Amino acid sequence: MKSKVLAIAGGLLAATALASAPAKAADVKIGLIGGVSGPIAAMAPAMIDAAQLAFQQVNEQGGILGGDKLVGVVGDSACSPQGGTDAATKAVNIEGVVAIVGPHCSGAVLAAAGSVTIPAGITIVTPSGTSPEITGLKDNDTVFRTVPSDDYQGRALARTLKGMDYNKVAVSYINNDYGTGLANAFKSEFEAQGGEIAGYAAHEDGKASYRSDLAELAKGGADTLVIFDYGDGTGLTILRQALENGFFEKFVGGDGMKSDAPIKELGADNLTTFVASSPVGEKSKSLDMFNEAFKASGGDPSAIFVTTSYDAAFLLALAVEKAGGDKAGVSAALREISNGEGEPIMPGEWKKAKELIAAGTAIDYKGAAGDENFDANGDVPGTYALFKVAGDGFETITEMK
Amino acid sequence: MELIGLANYALFMGIFIGIYALLALGLNIQWGFAGLFNAGIAGFFAVGAYTSAILTSPYAEGRLGGFELPFFVGWIGAMIAAALIAWPIGKICLRFRSDYLAIATIGVAEIIRLVIKSEAELTNSARGITNIPRPYGDLPYVESQMAYLAIVALVLFGAYLLVERQFNAPWGRMMRAIRDNELAARAMGKNVEYRRLEAFIFGSALMGLGGALFAHFNRSITPEAIDPMVATFLVWIMLILGGSGNNRGAILGAAVVWTIWSVSEIATDQLPQEYAVKAKYIRLFLIGLMLQLVLRFRPEGLLPEPLRGGQQSDDASSKS
């Protein structure tokens, strides 16, 4: 009996090991590590599809390097450090990827970078890891992101609000890395600009009532409530209860709050004093080109983080081409192809880019989510605007600097 | 190239298996030998990870830290901190039996997680602690993994020897007596509450050590790592599958479950591209299926608890 069970267990192991025969060697592989299972399971598939679209365009327009096929190897980080390191190790060692798009969640990025990709010298570009901690990693210049740090949005929002005569506000933020990062940055910048934070508290996700939290925040005497949360989740509950009970007069949200849910649920009439900041894909030709291509492939271009995912994938493809397929050269090449100087390349213009690279001309990728010019830490500045509710949607009030 | 990659992946798996085996060993002390249903492994894992992170990481603005002590001090600190946290918890909760204790410990782990997520001054809240030093982390990729695996293996081997020795000692027999028949043990004059507390603290310290090893390996620790799925229930599956009450079973369980968990993803990657995303869920299913099969056909686990009475020499068994 005992030996039989051991044999079954051994057989299972052997079967899974055997099934993992390596794929064709001629393919150039880039890892796509995302939170397929886990808390962001609803967002991850669209992000991965957007990245695959970039690879598909590369393959349709002549392939990478000497006409090789570019393949995206999907890995599941489950949004946790355990899953992130596991997926990254497999991508780097088993699949032999030249670079990685992802992981999606900040905790997974930090762990995968610290234990796998930095020691292995593999360049990673995360499309959605927004934690300010990623900025300070000692990464030998191998960790990049195409999404701005939460720090940046928080500071820009604070400056913009101060400029619009909001002087005394209360802040309520969701207790995760997104909310905390935004709120910390907002608070320090708002106070530095001479504003007053009259209430500052985190709240937990998914409670039925936040009235006591709101009452506590309102005690400080602020007339404005700044909410860093998600508009189709807890943020909606907070907004509704604050309105119902008249705790505050004016409301400000971060990009998570710029969602259709509050308008649908609460009505535009009740939201005349509500404004929200959000990254704008800078009404650019690049964005239109991406939207069109993504729609044609059956995707929804307004889904969150799809533009940054696409940019990360296309940038890495360009960098691999530029570096001639050499893993170690990818990070340097990544800086060369998107530093604001050179012939502009739009999303999908692979053939043109490939010819220019072959000719040795400098190129500059203009991404769907922005120019994607990396700073010294591998971060990108975002383009944000402040929106107000108009009709059934949002309209821009002002650009945020 | 291909071979080095495989070897590298094996090294990585070895490290993770070692870390999970420590957690499973800790749980084995609590469940396998003292019969305490601790469903709050993640909490002690987190206490250990964060304690060591705070003790050894360089200074960062806005949180406690900057001590930059050597890693082994951090690891010992992690064990002490986890034990210290376990003491009051055990004092209060161990009066509960089986499933009530499970509910209480889940609650405790959740409290620990929320404290870690919320206390910016202590743990940098949701952003986590980064730049934790890794022993021999300056070596190249492969060598650094090898060195770390050696350390993990050494720690695990040491822990295994100590725990195994303890179980074969009169203490271990007493624990099993308390587990199997509390009234009889009490009638024989054993202080049941005190002994249970001992087992709880001892096991929690090992879990704390596992957490510390994990944080140093990743050079970072964030609250996302203390998710109950990966830090509590996966460990339970490992112990049940390997054989609770058997230390070698706990280690084997960790190896089997982690290998299947990790390697099955490579297998599902062979499916056509359009299933790439959906296929990721197969491994969740596989782990569940395996647990069902083991519970149905082999409830005592792959390596069942040894019948110690017969195996011990007469000399040892007559001492109790």
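**Two sheets, two helix packings and one interface**

Helix α7 of chain A, residues 211–218, lies across the strands β6 (168–174), β7 and β8 (224–228) of chain A, and runs at about 160° to β7(A). I start with that helix as a way into the fold, and I should say at once that this is a predicted model.

The strands under that helix belong to an open sheet of seven strands in chain A, in the order β7-β6-β8-β9-β10-β13-β14, and the pairing in this sheet is mixed. At the edges stand β7 (196–203) and β14 (393–400) of chain A, each with a single partner strand, so one side of each has no neighbour in the sheet. Leaving direction aside, neighbouring strands of this sheet are turned by 25° against each other on average. Further along the order, β9 (residues 250–253) of chain A and β10 (residues 274–279) of chain A run parallel and are joined by three bridges, and if you would like one pair to look for on the screen, A:V252 has A:V275 in β10(A) as its bridge partner.

A second helix, α8 of chain A (residues 234–245), lies across β6, β7, β8 and β9 of chain A, running at about 165° to β8(A). Between β7 and α7 of chain A there is a loop, and A:A208 has its place there. Is A:A208 buried or exposed? A:A208 has 7 other C-beta atoms within 10 Å, and because a residue counts as exposed at 12 or fewer, A:A208 is exposed. Its C-alpha atom is separated by 8.8 Å from that of A:T234, although the two residues are 26 residues apart along the chain.

Let me move to the other sheet of chain A that I want to show, an open one of five strands in the order β2-β1-β3-β4-β5, with parallel pairing. Here β2 (70–76) and β5 (143–145) of chain A are the edge strands with a single partner each, so one side of each is left without a neighbour in the sheet. From one strand to the next the twist averages 25°. Strand β1 of chain A, residues 28–34, runs parallel to β2(A) and is joined to it by seven bridges, and the bridge partner of A:V28 in β2(A) is A:L70. Three bridges join β3(A) to β4(A), again with the strands running parallel, and there A:V101 has A:V125 of β4(A) as its partner.

What covers the faces of β4 can be read from its residues: in strand β4 (residues 123–126) of chain A, A:T123 and A:V125 on one side and A:I124 and A:T126 on the other are all buried, and both faces are covered. As background, side chains in a regular strand alternate between the two faces of the sheet.

The helix α2(A) lies across β1, β2 and β3 (99–101) of chain A, at about 165° to β2(A), and α2 (44–60) of chain A also takes part in the surroundings of another helix, α13(A), whose buried residues pack against it as well as against α11 (306–322), β11 (343–345) and β12 (363–365) of chain A. Which residues of α13 (residues 350–359) of chain A are buried? They are A:W350, A:A353, A:K354 and A:I357, and seen down the axis of α13(A) they fall within an arc of 100°, so they line one face of the helix. The face turned away from that buried side carries the exposed residues A:E355 and A:A359. Just after α13(A) comes A:G360, with a positive phi of about 80°.

Finally, chain B, where 44 residues are in contact with 48 residues of chain A. Among the helices of chain B, α1 (2–33), α4 (98–118), α6 (141–168), α9 (192–218) and α11 each supply at least two residues of the side that touches chain A, and α11(B) gives the most, with nine residues. By class, that side has 19 nonpolar, 15 polar and ten charged residues.

Within chain B, α11 (residues 247–268) packs with α12 (residues 282–297) at an angle of about 140°, with their axes 9 Å apart, and α11(B) passes α12(B) in a right-handed crossing. Residues of this contact include B:W261 and B:E265 of α11(B) and B:R283 and B:L286 of α12(B), and in total the contact divides into seven nonpolar, two polar and two charged residues.

Methods
Residues are numbered from 1 along each chain as its sequence is written. Chains are lettered from A and ligands numbered from 1 in the order in which they are written. This is a predicted model: local features need pLDDT of at least 70, side-chain atom pairs count only at pLDDT 80 or more; totals for chains, interfaces and linings use all residues. A residue is buried if 20 or more other C-beta atoms lie within 10 Å of its own, exposed if 12 or fewer, and partly exposed in between; C-beta atoms are placed from the backbone. Helices (H or I, at least four residues) and strands (E, at least two) are DSSP runs, numbered from the N terminus. The arc is that of the directions from the helix axis to the C-beta atoms. Two residues are in contact if their C-beta atoms, placed from the backbone, lie within 7 Å. Axes are lines fitted to C-alpha atoms, for helices over the stretch in contact, and angles run from 0 to 180 degrees between N-to-C directions. A crossing is left-handed if the near helix is turned anticlockwise from the far one by less than a right angle, and right-handed if clockwise. Ala, Val, Leu, Ile, Met, Phe, Trp, Tyr, Cys and Pro count as nonpolar, Asp, Glu, Lys and Arg as charged, and the others, Gly among them, as polar. Two strands pair if DSSP finds at least two bridges between them.
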